[in-house]
Amino acid sequence: MKKVLFLPLFRMQSGHHQVAEALMDLLKKHTNGVILKKVDLLSYTNNSLEKMITAGYLKWIRYAPETYNLAYKNLFYVNSKKERPFKWSQLIFLKKMEQLIDEENPDLIVCTHGFPSQLLSQLKLKGKCNVPIINVYTDFFINNVWGSKGIDFHFIPSQKLKEKLLSKNQIPKHSMMVTGIPVHEEITKKAGGLKNTDRPKVLISGGNSGLGGILNLAGELKKSTNFDYFVLCGNNKKLFDEIKTWDLAHIKPLPYISSRSEMNDLYEEVDVIVTKPGGVTISEALRKRLPIFVHSMLPGQEEINLQYLKDNKLVFEINRKFSFEKQMLNILKDHKKMDQWDKSIETYQKEMELENPEEMVGIMKLILNLKQVNKPSYLTNQSKVIYS
């Protein structure tokens, strides 16, 4: 029986976990006799260490976002020629990664976070790992934590990043597939266009941890006469309880939704999403062709994501100095801007080489066969798919 090991990082729910779970559910549905397991290397190494790092990370971005942003860009993104970050940690975690592989004996490893990918890359180059590895990127950029040498396949967010990896890292073209950021197959495609033209329904998403600064919009939300709102509060019970006390018919707070089917139904009901530039939420909204308004962002990753999304005209950024409702109304009524946005969505979706969930499963199935195979029919512009 084949085994696939998925490696996100941290135990808290994040895009890394959501992407891993989306691919796990795909494999579960479209294959038989495959064992699927998800492991956080930090918890596997030491539970207390994982808790300490998670708490420190959340406090850092909450109370000192400017310093986190500076550190993230300097260490992980802007100056990629620097020595790899966290070199000290290799002494601790490389042996743990070897131990994990020996214990689990997987036939395929899927990394949805850069840190496990970096460790596996080093083990591959040292000849200490012969398991096929897929990097599945969960942002609209690739930081320099990710491993590249020795990694067998890459599921990449965009053509631009594919070209960058091809020229900068000399990664073989046949090992890279543009998939976008994978979302659950229960998040179905939808045609664009407002359904509720008289009073559009708006979904406000602050992220699973509720760090999106939604309460900054409270004054306008309460007085709204133009929109009905659903507010996703994630695990932020304080935010949920606060909105409940408003007792307003046009504002409905929602707790964390774990069911992707329920989330798809919610996307189907609304006309617009106001959110942060997190990779998975944005990718789901792009798939549903929902106009996306960005109201806030976390430092580091989300700021870099936002720049990509603005450069490619895929989102509208809200200026906090002005009424966000008026900004939304003006844009939604501006046919020129909406036509441009629609064309941008078309361009983005046409870049995808493996857009359908079954095609991603197809690649993983080929790898699990452990033999050289001819290219699938949907990879018409690529060479043979070869892996060692």
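## A first look inside this predicted model

F230 is buried, with a relative accessible area of 12%. This residue sits in strand β8, which covers residues 228-232, in a structure that is a predicted model. Leaving aside residues up to four places away in sequence, F230 touches K201, V202, L203, I204, K252, L254, L266, E269 and V270. One of these partners, L266, is 36 residues away from F230 along the chain, and the C-alpha atoms of the two are separated by 9.0 Å.

### The cores

L266 leads us to the largest nonpolar core, which has 78 residues. L266 is among the residues with the most contacts inside this core, together with L23, L203, Y229, F293 and M328. Helix α15, residues 357-368, supplies the largest share of the core, with 7 residues. What does M328 touch, not counting residues up to four places away in sequence? Its partners are V202, F227, Y229, V272, V274 and F293. Apart from this core lies another one, of 32 residues, and I101, C111, I142 and V145 are among its members.

### Two helices that cross

Helix α15 also packs against helix α1, which spans residues 15-30. Two packed helices are described by the angle between their axes and by the distance between the axes. Here the angle is about 80 degrees and the axes are 10 Å apart. An angle from 65 to 115 degrees counts as roughly perpendicular, and α1 and α15 are therefore roughly perpendicular to each other. On the α1 side, L23, L26, L27 and H30 take part; they meet P357, E358, M360, V361, M364 and K365 of α15. Sorted by class, this contact has 7 nonpolar, 1 polar and 2 charged residues. L23 is worth a second glance, since it appears both here and among the residues with the most contacts in the largest core.

### Buried residues with polar partners

Q118 belongs to helix α6, residues 114-125. Is Q118 buried or exposed? With a relative accessible area of 1%, Q118 is buried, because buried means under 20%. A polar atom of its side chain lies 3.2 Å from the backbone oxygen of V145, a residue of the 32-residue core.

R289 is found in the loop between α11 (279-288) and β11 (292-294). R289 also counts as buried, at 9% relative accessibility. The side chains of R289 and Q349 are joined by a polar contact of 3.3 Å.

The table lists the buried residues discussed above.

| Residue | Relative accessible area |
|---|---|
| Q118 | 1% |
| R289 | 9% |
| F230 | 12% |

Definitions and conventions:
Residues numbered from 1 in each chain as written. Predicted model: local features only at pLDDT ≥ 70, side-chain atom pairs only at ≥ 80, totals over all residues. Heavy atoms only, no water. Core = buried A, V, L, I, M, F, W, Y, C linked by side-chain atoms within 4.5 Å. Buried < 20%, exposed > 50% of the residue type's maximum accessible area, 1.4 Å probe, protein only. Helix = DSSP H or I, 4+ residues; strand = E, 2+ residues; numbered from the N terminus. Contact = heavy atoms within 4.5 Å. Polar contact = N/O pair within 3.5 Å; in protein donor to acceptor, adjacent residues only side chain to side chain. Axes fitted to C-alpha atoms, helices over the stretch in contact; angles between N-to-C directions. Parallel < 35°, antiparallel > 145°, perpendicular 65-115°, else oblique. Nonpolar A, V, L, I, M, F, W, Y, C, P; charged D, E, K, R; others polar.
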